[in-house]
Amino acid sequence: MSDLNQASANLAPSIRGGANKSTFKKKWKQIKNSRQLYLFILPAFLFFLVFSYIPMYGVIIAFKDYIPSVGIFDSPWVGFKHFERFFHSYYFWDLLKNTLGISFYSLIVGFPLPIILALALNELKDGFGKKFAQTVTYAPNFISVVVIGGMLIAFLNPSTGIMNHMLDFFGLDRVAVMTDPRWFKTIYVLSGVWQGTGWGSVIYLAALSGVSSELHEAAAIDGATRMQRVWYINLPTIIPTMVILLILNVGSIMNLGYEKILLLQNPLNMESSNVIATFVYKQGLLEAQYSYATAVGLFNAVINAVLLISVNKITQKLSSSSLW
């Protein structure tokens, strides 16, 4: 009996090795048969590898007192010193409040509008009117952030801006909105909605193009109105797309771009406009506190990762749509 057990033990590795080899050949055959698709995704894979994954070793700086002349690995290790400094700073809660405030404001206002616009455009008949509406709504996306910032500053200028001229015309008092902290979030969010709503509707229009015309014809024969067909046919079709985009938006809730905020920021509205992204930029590039800025940026990234995983888990339980 012991000889039989010994023989079985000796045979097991060879069986596992043969199974692994067979699995490898099967996988390689699948890759070979789909080589065009793998070549198609290769540029995107290389982009993320070079610009996202390889630089990840730089997060070590967050746990060191980085000295450029010495290098990353030879700089002294300080552990969580920079994180503790940030958490205990007087501006921590202000930065967090401003970042989350602007992000959730943008999400609440900006997320439903591309869906509504896509549903409306989908109901228009093909022709000049539909093409014109699409062009008008898509065009702001191609205006650079710098130009958008300049337009906002010019239009909202308290003495020469068109908005204040209109207020004057209607007998109302002029408002210096660019220097009022209460207006900053609204200006930032609404300008972003104007710029991105049309472009954001493209993906929903693509999903709506897959709706069968036979469904609409059958519903119309049964007496369904246009609004009922939109509600019961079009909207359910794009719900999986809505869920995926909502997960991605919540997962990047802390990733506010600093460019437009810096363009609109001034000493008088700093109370509302100072966010984590602008803080990292100023600490890292302007004040050369590389380790501190990296620690704050890493904290930001970890929060985003936790939110992404959490929201994805929730959507897995509530619906069949999720990222993985």
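## Lys 260, a buried charge

Let us start in helix H12, which spans residues 258-264 and holds Lys 260. In this predicted model, Lys 260 is buried yet takes part in no salt bridge. The nearest side chain of opposite charge belongs to Glu 259, and it is 9.6 Å away. That is beyond the 4 Å within which a side-chain nitrogen and a carboxyl oxygen count as a salt bridge.

What is Lys 260 in contact with, leaving aside its neighbours within four places in sequence? The list is Val 145, Ile 148, Tyr 188, Ser 191 and Gly 192. One of these, Tyr 188, also belongs to a nonpolar core of 16 residues, which we will meet again below.

Helix H12 has another residue worth a look in this region. Val 147 sits in helix H7 (residues 145-155), and its C-alpha atom is separated by 9.8 Å from that of Leu 263, although the two residues are 116 apart along the chain. Val 147 has a relative accessible area of 42%, so it counts as partly exposed.

## The nonpolar cores

As a general background, nonpolar side chains tend to be buried together in soluble globular proteins. Here, the largest nonpolar core has 34 residues, and Phe 86, Ile 115 and Ile 238 have the most contacts inside it. Six helices each supply at least two residues of this core: H4 (92-110), H5 (112-123), H9 (181-208), H11 (226-251), H14 (276-286) and H15 (290-318). Which helix gives the most to this core? It is H11, with eight residues. Apart from this core lies another, of 16 residues, which includes Leu 152, Phe 184, Tyr 188 and Val 193.

A closer look at Ile 115 is a good way into the largest core. Not counting residues up to four places away in sequence, Ile 115 touches Tyr 204, Leu 235, Ile 238 and Met 242. Leu 235 is found in helix H11 and is buried, because its relative accessibility of 18% is under the 20% limit. Beyond its neighbours within four places in sequence, Leu 235 is in contact with Ile 115, Leu 119, Val 230 and Met 242. By contrast, Leu 235 and Ala 139 are 25 Å apart in space, C-alpha to C-alpha, with their positions 96 residues apart in sequence.

## Helix H14 and the turn after it

On helix H14, the buried residues are Ile 276, Ala 277, Thr 278, Phe 279, Gln 283 and Gly 284. These buried residues pack against H3, H4, H12, helix H13 (270-273) and H15.

Just after H14 comes a backbone feature to check on screen: Ala 288 takes a positive phi of about 60°. Most residues other than glycine have a negative phi. Ala 288 has its positive value although it is not a glycine. Ala 288 is found in the loop between H14 and H15, and at 40% relative accessibility it counts as partly exposed.

## Salt bridges

How many salt bridges does the structure hold? There are five, and three of them are described here. Glu 123 pairs with Arg 226, their closest N and O atoms being 3.4 Å apart. Glu 123 lies in helix H5 and Arg 226 in helix H11, so this pair ties together parts that are 103 residues apart in sequence. Both partners are partly exposed, with relative accessible areas of 23% for Glu 123 and 47% for Arg 226.

Asp 126 forms a salt bridge with Lys 130, with 3.3 Å between the closest N and O atoms. Here Asp 126 is exposed, at a relative accessible area of 70%, whereas Lys 130 is buried, at 14%. In the pair of Arg 174 and Asp 168, the closest N and O atoms are 2.7 Å apart. Arg 174 is partly exposed at 34%, and Asp 168 is partly exposed at 42%.

## A nonpolar patch on the surface

Which residues form a nonpolar patch on the surface? They are Leu 39, Leu 42, Phe 45, Leu 46, Phe 47, Phe 48, Leu 49, Val 50, Phe 51, Tyr 53, Ile 54 and Met 56, and together they have about 1,200 Å² of accessible area.

One member of the patch, Met 56, lies in the loop between helix H2 (35-53) and helix H3 (81-87). Its relative accessibility is 47%, so Met 56 counts as partly exposed.

Conventions
Residues numbered from 1 in each chain as written. Predicted model: local features only at pLDDT ≥ 70, side-chain atom pairs only at ≥ 80, totals over all residues. Heavy atoms only, no water. Helix = DSSP H or I, 4+ residues; strand = E, 2+ residues; numbered from the N terminus. Buried < 20%, exposed > 50% of the residue type's maximum accessible area, 1.4 Å probe, protein only. Lys, Arg positive; Asp, Glu negative; His and termini not counted. Contact = heavy atoms within 4.5 Å. Patch = residues over 30% accessible without salt bridge, like charges linked within 9 Å, V, L, I, M, F, W, Y side chains within 5 Å. Areas by Shrake-Rupley, 256 points an atom, 1.4 Å probe, with all protein chains shown as cover. Core = buried A, V, L, I, M, F, W, Y, C linked by side-chain atoms within 4.5 Å.
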